[in-house]
Amino acid sequence: MTLLSTRGLTKQYAGLTAVNNVDFSLPQGQIRAIIGPNGAGKSTFVGMLSGKIISTSGTVTFNGKDVTELPAHKRIGLGMAYTFQITSIFSNLSVHENVALAARRVNQKTDSISVNQRVADALDRVNLSDRHEQIAGDLSYGHQRLLEIAMGLAQSPSLFILDEPTQGLSAEEIESFITLMKSLAGDTTILLIEHNMDVVMATADLITVLNFGEVLAEGTPQEIRANDDVQAAYLGIANA
Amino acid sequence: MEFGPHLLLATLEGAIGAAVLALMAVGLSIVFGIMRVVNVAHGEFYMLGAVIAWWITSLIGGHPAYGFVVALIVAPLLVGAIAALADHLVLRRIDYDPERTIVATIGLLYVLQQLTLMTFGADARPVEAPFNKRIALPWFENGADGFAMYWPWGLSTTTYKLAVIAAAVVVLIGLWLLMTRTRAGLIMRATQLNRDMALAHGIPVEKVYALVFGLGAAIAALAAVLIVPIQQAHYLMGGDPLLLSFIVVIIGGLGSIPGTIVAAILIGMSDGIISVFFSPTLAKILATLLVAFVLIFRPQGLFGKRES
Amino acid sequence: MSTSSNTKLKALGLHLSIIAVLAVSFLVLPEYHSGIIARVLILAIYAMGYNLLFGYTGLLSLGHALFFASGMYGLGLAMQYLNAPPLVGLIAGLGFAAFVSAVIGFLALRTTGVAFMIVTLMFAQAGYLTILLMGEYTRGDEGFVIKQSQRMIAGFDLSHATNRYFVSVFLFGFCLLIIGWIVQSGFGKTLVAIRENEERARMLGYNVQLHKWIAVVISGTMSGAAGAAYALLFGYVGGTFATVQYSIFPLLYVLLGGAGTTIGPLIGALFMFYLIDISSEFTSAYLLVAGVALILLTLFAPQGIAGMLRKRVIRWLP
């Protein structure tokens with residue numbers, strides 16, 4: 001079953017086309033990576049999925065519902081979660097409160113588990129459980145990235161969009177991030193923008209390559225690795 | 001008086017208001033445009049200009065023109081220096097944070113106003129105009145014997161009032177030349193475009209800010225010296241011009257000097273004209289609501305272009 | 001999880017102790033000071049309402065005098081011209097303030113930052129001028145007096161000093177407990193999240209605009225409640241309460257006492273009122289104190305008294 005799809009999704013900034021006419025479809029339960037060179041329109045594309053960025057034209061369908069006209073907070077309410085490319089946390093609040101803010105929104109609809117339980121679970125999964133009371137802004141950069149992921153986890157999303165989550169993480173933290181993503185697979189559909197090809201190859205079921213705002217290729221990690229166009233546009237340069 | 005002559009009189013009074021308002025508002029607009037801060041104490045700098053003009057003219061005897069000319073030079077300089085000092089002591093230290101600057105300049109407003117009350121007192125004090133010759137104005141009438149010119153009773157203005165309008169125009173042109181044709185103007189515009197870039201190019205941004213803040217205040221003080229022979233100096237006189245210049249700057253588009261001048265003429269003229277025919281309170285209500293709605297629905301100002 | 005309920009209990013304890021201390025103080029305070037405290041408590045309610053928007057939500061309004069005056073005139077006009085009894089007047093005041101804040105909030109929240117400050121300032125100024133324009137009923141700057149005979153609830157004379165004191169303590173305490181409850185609820189914490197990082201709050205699924213609007217309405221209604229209570233307890237309704245100065249006062253109180261703390265508004269109102277009261281004995285330019293305080297606070301102590309307490313001593317301060 002398709003969880004998320006787009007038709008002709010386009011974003012123009014004052015004459016410049018950042019994303020051009022993208023048709024995209026993401027089945028339930030998949031881990032999908034979006035890769036592409038800098039400026040390929042990846043962040044703009046996922047921004048339009050979550051409603052953070054307003055599209056110029058095209059449609060977004062989520063869970064069988066046309067969400068194109070819905071503001072971001074309503075889309076999140078339908079079960080999306082979004083982590084920012086540039087770390088965006090509540091730096092003056094405690095780590096616990098950061099995650100609790102994410103959890104409380106979910107508990108407004110279903111409070112099968114208590115907010116504190118959700119917070120504890122989420123922080124546990126990113127190995128921050130000993131830092132509940134610390135002020136978020138005092139965390140190291142890598143820990144702030146993990147906190148941001150924990151906020152997403154606490155939302156128990158059906159679609160989890162992560163914009164460059166491993167940027168700034170240590171090798172060890174990246175390892176546990178890969179484990180975390182694999183443990184989520186099945187229940188949660190994941191859309192990952194990622195520069196680190198090791199992470200992509202280790203986690204993604206399918207890869208979509210964007211270039212100049214258009215879909216250049218789509219396929220399994222093996223297929224993408226073998227694709228000449230992709231090599232030329234992106235991997236070739238990265239591997240050189 | 002009939003409607004026609006009455007309207008001409010209202011227009012003339014409106015033009016004086018517009019001239020002074022344009023100066024006030026351009027001062028506020030330059031500060032906002034370059035420093036991105038709103039100076040709530042702007043009206044008090046205007047008030048200080050008037051009070052200092054009174055002080056200087058009462059010190060210097062002889063023909064009223066002597067004192068007035070000295071005031072015209074000294075008051076703006078003094079007020080500009082006070083403003084630059086305030087910038088140095090307060091605004092610089094809060095790093096020109098927009099919201100904190102508003103709170104701090106509200107504080108500055110009270111400090112200047114209350115200090116004036118303590119020293120200058122609560123009375124309104126007049127300043128004599130350097131020259132003040134009454135000019136009767138003619139009106140035309142298409143009567144029984146065809147088109148005729150006559151001098152209606154009460155339709156007049158003074159040489160001084162006309163000089164105020166002329167002086168305002170000269171100052172505005174001077175400012176425009178300063179901003180567009182001089183190195184100082186270039187530096188100010190560079191700072192406005194990109195503060196960090198200006199810093200990187202060795203522009204002493206802090207000094208530029210202090211000068212701009214001082215310049216804005218000096219222009220307000222100059223406007224006050226010009227108007228004080230018509231209006232008298234009083235410690236609370238800054239309130240209304242502040243409100244009006246806010247209105248003008250916002251309607252003209254924040255930071256846009258041509259827009260500000262057009263809006264000043266529009267608002268100044270209509271304020272003069274509306275006040276003659278309608279309740280001034282109602283006129284003010286409409287004007288304040290207009291500002292609110294312009295900010296809500298057309299934040300680029302009535303004359304500005306929307307940035308995409 | 002015990003920590004958060006623990007904090008809530010401590011906060012409740014703190015608030016109840018403050019209310020108790022205020023009530024007991026009456027026995028030891030000279031009459032002049034109990035009169036002042038009654039006034040300060042009503043102004044502290046105003047500041048608490050202001051603080052919910054400024055301190056907790058991060059929206060700096062320069063037009064709260066409009067809400068204060070709405071409550072005051074809602075009650076005053078109803079009692080003066082419709083002969084409404086005090087409680088009905090109070091409801092009229094609250095209702096009118098709620099209505100005005102709902103409309104102003106809806107409009108002003110389309111702007112942010114400096115534009116929001118100016119828009120609220122302009123609306124409040126338009127409100128003040130409207131009071132002047134309708135001078136026939138409002139009596140403009142001069143104002144009007146609500147007769148003592150009207151200020152009775154079932155034989156209980158609200159103009160009597162003792163009654164007035166305890167009614168102020170009761171109203172203040174009631175509002176303090178409401179604010180304490182709001183800011184520790186999920187709703188209040190969402191407001192803080194909006195203040196801290198609006199974009200992130202939105203991307204966690206919160207309807208930011210709606211939360212802000214509700215904050216404006218609660219804040220405006222509480223400010224209106226203070227205005228209505230002021231008119232009822234001190235028997236005077238006037239246009240001065242709608243001037244810009246009365247929009248600045250709660251900002252000053254909150255900045256001094258500590259923005260985003262429940263006890264800051266009381267501390268700020270108490271200090272500032274006495275400061276102005278004392279200096280007005282020496283000079284007619286007593287507002288100089290307000291100006292100097294605003295500048296010094298902005299420069300050196302943006303967190304205010306309670307804010308510094310929270311940072312240095314009592315971390316759990318609500």
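The crossing of H4(B) and H5(C) is right-handed, and that is a good place to start a tour of this predicted model.

**Where chains B and C meet**

Two packed helices are described by the angle between their axes and the distance between the axes. Here, helix H4 (residues 98-119) of chain B packs against helix H5 (residues 113-133) of chain C at an angle of about 40 degrees, and the two axes lie 8 Å apart. If you want to find the spot on screen, look on the chain B helix for Pro98(B), Glu99(B) and Ile102(B), which meet Gly113(C), Val114(C) and Met117(C) of H5(C). Sorted by class, this contact of H4(B) with H5(C) has four nonpolar residues, one polar residue and one charged residue.

**Where chains A and C meet**

Chain C also touches chain A: the contact draws 19 residues from chain A and 16 residues from chain C. On the chain A side, the elements that give two or more residues are helix H2 (72-77) and helix H3 (95-107). H3(A) gives the most to that side, with five residues. As for chemical class, the side of chain A that touches chain C is made up of nine nonpolar, six polar and four charged residues.

The classes of these two contact regions are set out here.

| Region | Nonpolar | Polar | Charged |
|---|---|---|---|
| Contact of H4(B) with H5(C) | four residues | one residue | one residue |
| Side of chain A that touches chain C | nine residues | six residues | four residues |

**Chain C as a whole**

Chain C contains 14 helices and four strands. Its radius of gyration is 19 Å, close to the 20 Å that the globule rule gives for 318 residues, so chain C is as compact as a globular protein of that length. Taken along the principal axes, the box filled by its C-alpha atoms is roughly 55 × 45 × 40 Å. Of the 318 residues of chain C, 55% count as buried. Among the contacts in chain C with a separation of 6 or more, 77% come from residues 24 or more positions apart.

**A hairpin in chain B**

Back in chain B, strand S2 (residues 139-143) and strand S3 (residues 146-150) pair in the antiparallel sense over five bridges. The hairpin that joins S2(B) to S3(B) does so through two residues. To line the strands up by eye, try Phe140(B), whose bridge partner in S3(B) is Met149(B). Is S2(B) well covered or hardly covered? S2(B) is hardly covered, since the count of buried residues among its five residues is zero.

How values were computed: Residues are numbered from 1 along each chain as its sequence is written. Chains are lettered from A and ligands numbered from 1 in the order in which they are written. This is a predicted model: local features need pLDDT of at least 70, side-chain atom pairs count only at pLDDT 80 or more; totals for chains, interfaces and linings use all residues. Two residues are in contact if their C-beta atoms, placed from the backbone, lie within 7 Å. Ala, Val, Leu, Ile, Met, Phe, Trp, Tyr, Cys and Pro count as nonpolar, Asp, Glu, Lys and Arg as charged, and the others, Gly among them, as polar. Axes are lines fitted to C-alpha atoms, for helices over the stretch in contact, and angles run from 0 to 180 degrees between N-to-C directions. A crossing is left-handed if the near helix is turned anticlockwise from the far one by less than a right angle, and right-handed if clockwise. The radius of gyration is taken over C-alpha atoms; the globule rule is 2.2 Å times the number of residues to the power 0.38. A residue is buried if 20 or more other C-beta atoms lie within 10 Å of its own, exposed if 12 or fewer, and partly exposed in between; C-beta atoms are placed from the backbone. Two strands pair if DSSP finds at least two bridges between them.
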